[in-house]
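Here are some notes to help you find your way around this one. Have the viewer open as you read, and take the points in order.

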Amino acid sequence: MYDIVIVGAGPAGLTAAIYARRAAKSVLVLEAKAWGGQIINTPDIENYPAAAHISGADFANALYAQAVGLGAEVRLEKVVAVEDLGKRKKVRSTAAEYEAGAVILATGSENRKLGVDREAELTGKGVSYCATCDGNFFRRRDVAVVGGGNTALEDALYLAELANKVYLIHRRDSFRGEEAAVAALREKENVEFVLNSTVTALLGDKRLSGVEVMDKLTGEKRVLEVKGLFVAVGRVPENECFRALIEVDESGCAVAGEDCRTKLPGVFVAGDVRTKELRQLVTAASDGAVAATAAVQYLNG
Ligand code: NAP
């Protein structure tokens, strides 16, 4: 039996572990993939206070070392269910079952799929969801990025340095992401904006050889002969293990306020998985601190 089981070892979960350990609670953190969460794919973090430049991987490793150094136990196991036993909660992973006085859900989010035919089949064969992980495979090739948020803009900027040509496909004529990044992309000679357009087909036999895009205004279709398609159309909350336990909103986010408390006593949520306005590293870390403090208060009665 642990005082607190934390599901997810991203910035929210590991920060929660630090705060819970500093309050002398026993802490188990369960993580399905790798500690650090989505931040490990960021080459350079520029907006975390007092760390003007740090890679996502270095940030994740430092955070992990800090949590483990304070006595948090971290296990790489996928949590499949969280159950309410009243004063205790049961957390079932693919490897074991655990009981805890309180649970903090910090499961984050996963890449939204584009929803085009053959997307799954061609993933890893030209279709990617991570420019910083896979961009290097497309040096001096033509590639496309789809999306209009900050991730798509940053991916296009990153790829413009590696690839021969980058098409940036977006379904509207204005971007959701920051204007500064849009301006930087306009300066790049090898970047072409393909606006008001959607991807209608993925071409190629064993590997991607092109994408068909349709202009939404004219209905005209054209083929972009690209070897890589980087999908950056947002993220969806990872809520499978607790969807039956607590309330989620229409987008699948766990419903909780800034106090990170759910309606179920003893269950707290932190980071991208909860309803919130600003999903950033700094707000995930902040949530971790808030959720752990709330969990400690709950356990202390
Ligand atoms: P996002 O801001 O939600 O943007 C997703 C984009 O994908 C939107 O432009 C959306 O189009 C488009 N889209 C969604 N579904 C689509 C579909 N089925 N087909 C085609 N296009 C689709 O997601 P994000 O860029 O991953 O960013 C997530 C959060 O992280 C944001 O808050 C962002 O600011 C933040 N972020 C910050 C930084 C930074 O601070 N440096 C870097 C990366 C991300 P519409 O615009 O038409 O809805």
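Which domains does the domain assignment give for the protein chain?

1. Start with the overall layout. This is a predicted model, and the assignment splits the protein chain into domain 1 (2–111 + 235–299) and domain 2 (119–231). Notice that domain 1 is written as two stretches, 2–111 and 235–299. If you want a feel for the spacing, the C-alpha centres of domain 1 and domain 2 lie 32 Å apart.

2. Next, go to the ligand. It has 18 residues around it, and Asn150, Thr151, Glu154, Arg172 and Arg176 come nearest. Both domains take part here: domain 1 (2–111 + 235–299) and domain 2 (119–231) each give at least three residues to the shell. By residue type, that shell breaks down into 3 nonpolar, 9 polar and 6 charged.

3. Now zoom in on individual atoms of the ligand. Glu154 has a side-chain N or O atom sitting 2.6 Å from a nitrogen atom of the ligand. Two arginines deal with ligand oxygen: a polar side-chain atom of Arg171 is 2.9 Å from an oxygen atom of the ligand, and for Arg172 the corresponding distance to an oxygen atom of the ligand is 2.7 Å. As for cover, the ligand taken alone exposes 920 Å², and the protein buries 73% of that.

4. Domain 1 is a good place to look at hairpins, so to speak, and β4 is where I'd begin. Strand β4 (residues 79–85) pairs with strand β5 (residues 88–93) in the antiparallel sense, over 6 bridges. To check the register, find Val79, whose bridge partner in β5 is Ser93, and then Asp84, whose partner in β5 is Lys89. The hairpin of β4 and β5 has 2 residues between the strands, and Gly86 takes a positive phi there, near 85°.

5. Keep following the chain from β5. Another hairpin, with 3 residues as its connection, leads from β5 to β6. β5 and strand β6 (residues 97–105) are again antiparallel, with 4 bridges between them. Arg92 stands opposite Glu97 in β6, which gives you a handy pair to look for.

6. How are the strands ordered in the open sheet of 5 strands? The order is β8-β15-β9-β10-β11, and the pairing is parallel. β8 (127–128) and β11 stand at the edges with a single partner strand each, so one side of each has no neighbour in the sheet. Further in, strand β9 (residues 142–146) runs parallel to β10, and 5 bridges join them. Val145 is a useful marker here, as it stands opposite Leu168 in β10.

7. On to charges. Side chains of opposite charge can pair when their charged atoms come close. A search of the whole structure turns up 16 salt bridges. One of them joins Lys188 to Glu161, with the closest N and O atoms 2.6 Å apart. This pair links distant parts of the chain, 27 residues apart: Lys188 is in the loop between α6 (179–186) and β11 (191–194), while Glu161 is in the loop between α5 (150–160) and β10 (165–169).

8. Last stop: Asn47. Where is Asn47 found? You'll see Asn47 in the loop between β2 (27–30) and α2 (56–69). Asn47 and Leu281 are 234 residues apart in sequence, yet their C-alpha atoms are 8.5 Å apart in space. There is a side-chain link as well, with Asn47 making a polar contact with the side chain of Gln280 at 3.1 Å.

Terms used: Residues are numbered from 1 along each chain as its sequence is written. This is a predicted model: local features need pLDDT of at least 70, side-chain atom pairs count only at pLDDT 80 or more; totals for chains, interfaces and linings use all residues. Side-chain values use heavy atoms; hydrogens and water are left out. A residue is near a molecule or strand if one of its heavy atoms lies within 4 Å of it. A polar contact is a pair of N or O atoms within 3.5 Å; within protein, one must be able to donate a hydrogen and the other to accept it, and residues adjacent in sequence count only if both atoms are side-chain atoms. Accessible areas come from the Shrake-Rupley method with a 1.4 Å probe; for residues, only the protein chains shown count as cover. Ala, Val, Leu, Ile, Met, Phe, Trp, Tyr, Cys and Pro count as nonpolar, Asp, Glu, Lys and Arg as charged, and the others, Gly among them, as polar. Domain bounds come from an automatic or database domain assignment. Two strands pair if DSSP finds at least two bridges between them. A salt bridge is a side-chain nitrogen of Lys or Arg within 4 Å of a carboxyl oxygen of Asp or Glu.
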